[in-house]
Amino acid sequence: MKNKCIIIAEAGVNHNGNLETAKRLIEVAANSGADYIKFQTFKAERLVTRKAKKAAYQIKNNNQNNQLSMLKQLELKECFYNELVDHCSSFNIGFLSTGFHEEDISFLDKFNLDFIKIASGEITNFPLIKKACEKRKKLIISTGMCYLEDIKNTISFIEKNGFNRSEISLLHCTTEYPTPFESVNLKAINTLKNTFNTKVGYSDHTIGIEVAVAAVALGAEIIEKHLTLDKNMEGPDHKASLEPKEFKKMVKQIRNIENSMGSGIKKPSSQEKENLKVIRKSLVANRQIRKGEKFTTTNITCKRPANGLSPTLFESLLGLQAHKDFFEDDLLEFPPQN
């Protein structure tokens, strides 16, 4: 498919700091048909203060006392990256990671990634965004927790740093894990498209797959969805993630939706053109009609197949005289003109 939706399996921190778990997530994402798998690159001490409290969803899904202690357990060691990038290459899936500090952006630049991802929480972090702009990679920016004004300010800053909007993709997002359906606001996808004239996608944190699939039907060009090996694992994001079979099902349904979208031109499909002849109707004799008898509402009717006069000509035929005998179910004809 041309211009197919990019599907990103968000491994995030669902590896729980374990290299083998991260590699297994890569394998599962590749097997599901995802285009990319994305991790998160950070040093806990650079990301949060010692006193930073956890969000409500983090408290539910992790037993650490504060964000710092939780995040330290979820760091992906820098020495793992070469192996993970090579593992992605072996399984024919793209490698991405979200950096949360300028140093993370510089580190990730070594791996020549296709995109730089800016997380929702970093959309006002202009030092980070400036560093990302210096790398001259296309940007994917999540917009959770944002007003339109927040996004306008960030895009304006990016443009001042030499980017044009064709190099920016915005992801509609609700920063809650999991996101209640009533908080999704999928119509914001069109608002972002119409307001900013960029590519627009959707980063999904709902339970299940239907909202992500619906987003594609609304025109999302990127879908990001969390992937886990097991929702019962300890960690902040597992509960809002898909397990392997669910993720594979989501990818299949997204591809089916894309195939279903079509050109937007309303016309019969090639299959319909064949069915049209069988399913539409023609004008036929409802009973025997003698030559010279007038066509009336009682002696003509409409029946399949559509290989005679169209029923749209019903009233045009009324009152004319039959120029020959017609038997029941015969296709009718207009009398020849003198």
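Where does Asn-185 lie? Asn-185 is in the loop between E6 and H9. The exercises below refer to a predicted model.

**Exercise 1. Find residues with unusual backbone angles around H8 and H9, and describe each one.**

Step 1. Start from the general expectation. Most residues other than glycine have a negative phi, and most peptide bonds are trans.

Step 2. Check phi in the loop between E6 and H9. Asn-185, which is not a glycine, has a positive phi of about 60 degrees.

Step 3. Check the peptide bonds of that loop. Pro-178 lies between strand E6 (168-173) and H9, and a cis peptide bond with omega of about -5 degrees joins Tyr-177 to Pro-178.

Step 4. Move to the loop between strand E5 (138-142) and H8, where Met-145 is found. Phi of Met-145 is positive, near 70 degrees, and the residue is not a glycine. Met-145 counts as exposed because its relative accessibility is 57%, over the 50% cut-off.

**Exercise 2. Describe how H8 and H9 pack, and classify their orientation.**

Step 1. Choose the quantities. Two packed helices are described by the angle between their axes and the distance between the axes.

Step 2. Read them off. The axes of H8 and H9 cross at roughly 40 degrees and come within 12 Å.

Step 3. Classify. Angles under 35 degrees would count as roughly parallel, and 65 to 115 as roughly perpendicular; H8 and H9 are therefore oblique to each other. H8 passes H9 in a right-handed crossing.

Step 4. List the residues that meet. H8 brings Leu-148, Ile-151, Lys-152 and Ile-155, and H9 brings Thr-191, Leu-192, Thr-195 and Phe-196. By class, the contact of H8 with H9 has 5 nonpolar, 2 polar and 1 charged residues.

Step 5. Look at the spacing in the helix. An α-helix has 3.6 residues a turn, so residues three or four places apart point the same way.

**Exercise 3. Describe the packing of H1 against H11 in the same terms.**

Step 1. Helix H1 (residues 19-32) and helix H11 (residues 244-261) have axes 8 Å apart, at an angle of about 30 degrees. The crossing of H1 past H11 is right-handed.

Step 2. On H1, the contact is made by Val-28, Asn-31 and Ser-32; on H11, by Pro-244, Phe-247, Lys-248 and Val-251. These divide into 4 nonpolar, 2 polar and 1 charged residues.

**Exercise 4. Count the aromatic pairs and work out the geometry of the pair Phe-126 and Phe-157.**

Step 1. The count comes to 9 aromatic pairs, with ring centres within 6.5 Å as the criterion.

Step 2. The ring centres of Phe-126 and Phe-157 are 4.1 Å apart and the planes are at 15 degrees, so this pair is stacked.

Step 3. Place the two rings. Phe-126 is in helix H7 (residues 126-134) and Phe-157 in helix H8 (residues 148-160), so the pair ties together parts that are 31 residues apart in sequence.

Step 4. Compare their exposure. Phe-126 is partly exposed, at 27% relative accessibility, whereas Phe-157 is buried, at 17%.

Step 5. Look for ring pairs that join up. Phe-39, Tyr-81, Phe-95, Phe-107 and Phe-111 are linked into a cluster by ring pairs.

**Exercise 5. Decide whether Glu-10 and Val-284 are buried or exposed, and list what touches them.**

Step 1. Glu-10 is in strand E1 (residues 6-12). Its relative accessibility is 2%, so Glu-10 counts as buried.

Step 2. Apart from neighbours within four places in sequence, Glu-10 is in contact with Lys-38, Phe-39, Gln-40, Glu-224, Lys-225, His-226 and Leu-227.

Step 3. Val-284 is in strand E9 (residues 282-285). With a relative accessible area of 4%, Val-284 is buried as well.

Step 4. Not counting residues up to four places away in sequence, Val-284 touches Asn-299, Ile-300, Thr-301, Lys-303, Asp-329, Asp-330, Leu-331 and Leu-332.

**Exercise 6. Identify the buried residues of H10 and what covers them.**

Step 1. In helix H10 (residues 210-217), the buried residues include Val-211, Ala-212, Val-213, Ala-215 and Val-216.

Step 2. The cover includes helix H9 (188-196), strand E7 (199-204), strand E8 (222-226) and H11.

Step 3. After H10 comes Gly-219, with a positive phi near 110 degrees.

Conventions
Residues numbered from 1 in each chain as written. Predicted model: local features only at pLDDT ≥ 70, side-chain atom pairs only at ≥ 80, totals over all residues. Heavy atoms only, no water. Axes fitted to C-alpha atoms, helices over the stretch in contact; angles between N-to-C directions. Helix = DSSP H or I, 4+ residues; strand = E, 2+ residues; numbered from the N terminus. Left-handed = near helix turned anticlockwise from the far one by under 90°. Contact = heavy atoms within 4.5 Å. Nonpolar A, V, L, I, M, F, W, Y, C, P; charged D, E, K, R; others polar. Phe/Tyr/Trp six-rings, centres within 6.5 Å; stacked < 30°, edge-to-face > 60°. Buried < 20%, exposed > 50% of the residue type's maximum accessible area, 1.4 Å probe, protein only. Parallel < 35°, antiparallel > 145°, perpendicular 65-115°, else oblique.
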